[in-house]
Amino acid sequence: MKVPFTWKVTGWFMIGWSAEFQQGETRPLRYFGEDLVGYRDEDGQVHVLTGHCRHLGAHLGHGGKVVGDCIECPFHGWRWGPDGRNKHIPGENRVNRGLKLRVYPVNEQNGCVFMWHHPDGAPPSWEMPDILGLFPDLARDPDSFYRPYPEFSRKAEREPVHPQVVLENGPDSAHFRYVHRATVTPKMLEWTEEGHTWNFLTGWPDVRSEDPDAMALRIHAQMFGLGGSISAFEGSSNHRLIFASTPVDDESSDLFYSIWWPKLPGDDGDVPPPEVQAKVERQFLVTVWDDLSIWRYQKYVEHPALSPADAKPYMSLRKWATQFYDVPAEAQV
């Protein structure tokens, strides 16, 4: 998918689920065209660093070890701390203070792991929102949901989709009838731009009512930069979800999708029963693959011929998105 902007986007981006980062283990990663390493130290904190040792270039994620809060190179045992600095050289009573690995700030919450990316390494300029605390008017006890991973989580790897294309689905109400087989066409009720967030409210008309403004379902959503969107459902369904996309390189992204589904009355367990898993899979998790069936072959249209109903929110989102491309225009892909 060729797009008129860079894949080196600024913001918070999902890199996996907490359960995938086991304590004391290293995990090779590749995002934004860079080889990275993620690891959970002995105190339980997740760190993400440049993937290759600055000594002789071995990949720390393939065979590396966790020692305290450091990661140890599998080649010669050099250790690197969570601040990226060299902490130990075997056989030496000194460290190399001139070498440093790049550190990527991490936010871990509600079973998901995010990292901050800026093409020039600048620190976070805003906080990653809390998935379950984002919409306080619809607040629920986190323990009232089944665990999202692995039953209600899906990942599509190295898909030819730019994160902005994923988010442009937000104001696109018409596609639900054709792509997701919806029996009604949802309505974009309102949208606002607030700094690094783009917020919108979508309503699903109540076919049982003669009132055109009656909604059976309202979906409150916030885009946290171009990394993804968090949604809270109100009405006929009351779950939460996150749909996130993270560039792997200048051609593809990994897509992450997780749902927090309300527990059945009286159910104190974290694992959803089979009948709930089947329902969520049939009604919601399948939508990822529906969208991909379009995105995989889509050509990005820079100046689309939009209907009057879609034009304002659609172009509002596109204009808002430009703030996350810190690479100069002449250098963009």
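Trainee: How do the residues of the lining of the second largest pocket divide into nonpolar, polar and charged?

Mentor: In this predicted model, that lining holds nine nonpolar, three polar and five charged residues.

Trainee: Which residues lie nearest the centre of the second largest pocket?

Mentor: Glu 168, Asn 169, Asp 172, Gln 298 and Tyr 314 lie nearest its centre, out of 17 lining residues. The volume of the second largest pocket is about 300 Å³.

Trainee: And which helices supply at least two residues of that lining?

Mentor: Helix 2, helix 4 and helix 5 (308–321) each do so. Helix 4 gives the largest share, with three residues.

Trainee: Turning to the largest pocket, what volume does it have?

Mentor: Its volume is about 1100 Å³. The lining comprises 41 residues, and the closest to the centre are Phe 176, Trp 204, Ile 219, Phe 233 and Phe 284.

Trainee: Which elements give two or more residues to that lining?

Mentor: Both helices and strands do. The helices are helix 1 (163–167), helix 2 (175–179), helix 3 (274–285) and helix 4 (287–295). The strands are strand 14 (197–205), strand 15 (215–224), strand 16 (228–235) and strand 17 (240–247).

Trainee: Where does the largest share come from?

Mentor: Strand 15 provides it, with five residues.

Trainee: What classes of residue does the lining of the largest pocket have?

Mentor: There are 22 nonpolar, twelve polar and seven charged residues in the lining of the largest pocket.

Trainee: Now the sheet. What is the order of its seven strands?

Mentor: The order is 12-18-17-16-15-14-13, in an open sheet with antiparallel pairing. Strand 12 (153–159) and strand 13 (187–194) are the edge strands, each pairing on one side only. From one strand to the next, the twist averages 15°.

Trainee: How many bridges join strand 15 and strand 16?

Mentor: Seven bridges join them, in the antiparallel sense. As one example, Arg 218 has Glu 234 of strand 16 as its bridge partner.

Trainee: What holds paired strands together in general?

Mentor: Strands of a sheet pair through backbone hydrogen bonds, in either a parallel or an antiparallel arrangement.

Trainee: Which strands does helix 3 touch as it packs on the sheet?

Mentor: Helix 3 touches strand 12, strand 16 and strand 18 (253–260). The direction of helix 3 makes about 130° with that of strand 18.

Trainee: And helix 4, which strands does it lie across?

Mentor: Helix 4 lies across strand 12, strand 17 and strand 18. With respect to strand 12, helix 4 runs at about 15°.

Definitions and conventions
Residues are numbered from 1 along each chain as its sequence is written. This is a predicted model: local features need pLDDT of at least 70, side-chain atom pairs count only at pLDDT 80 or more; totals for chains, interfaces and linings use all residues. Side-chain values use heavy atoms; hydrogens and water are left out. On a 1 Å grid over the protein atoms alone, a cavity is a set of points where a 1.4 Å probe fits but cannot get out, and a pocket is an open set with protein on both sides within 12 Å along at least five of seven lines; lining residues have an atom within 4 Å of a point. Grid points are joined across faces, edges and corners, and a volume is the space filled by probe spheres set on the points. Helices (H or I, at least four residues) and strands (E, at least two) are DSSP runs, numbered from the N terminus. Ala, Val, Leu, Ile, Met, Phe, Trp, Tyr, Cys and Pro count as nonpolar, Asp, Glu, Lys and Arg as charged, and the others, Gly among them, as polar. Two strands pair if DSSP finds at least two bridges between them. Axes are lines fitted to C-alpha atoms, for helices over the stretch in contact, and angles run from 0 to 180 degrees between N-to-C directions. Contact means heavy atoms within 4.5 Å.
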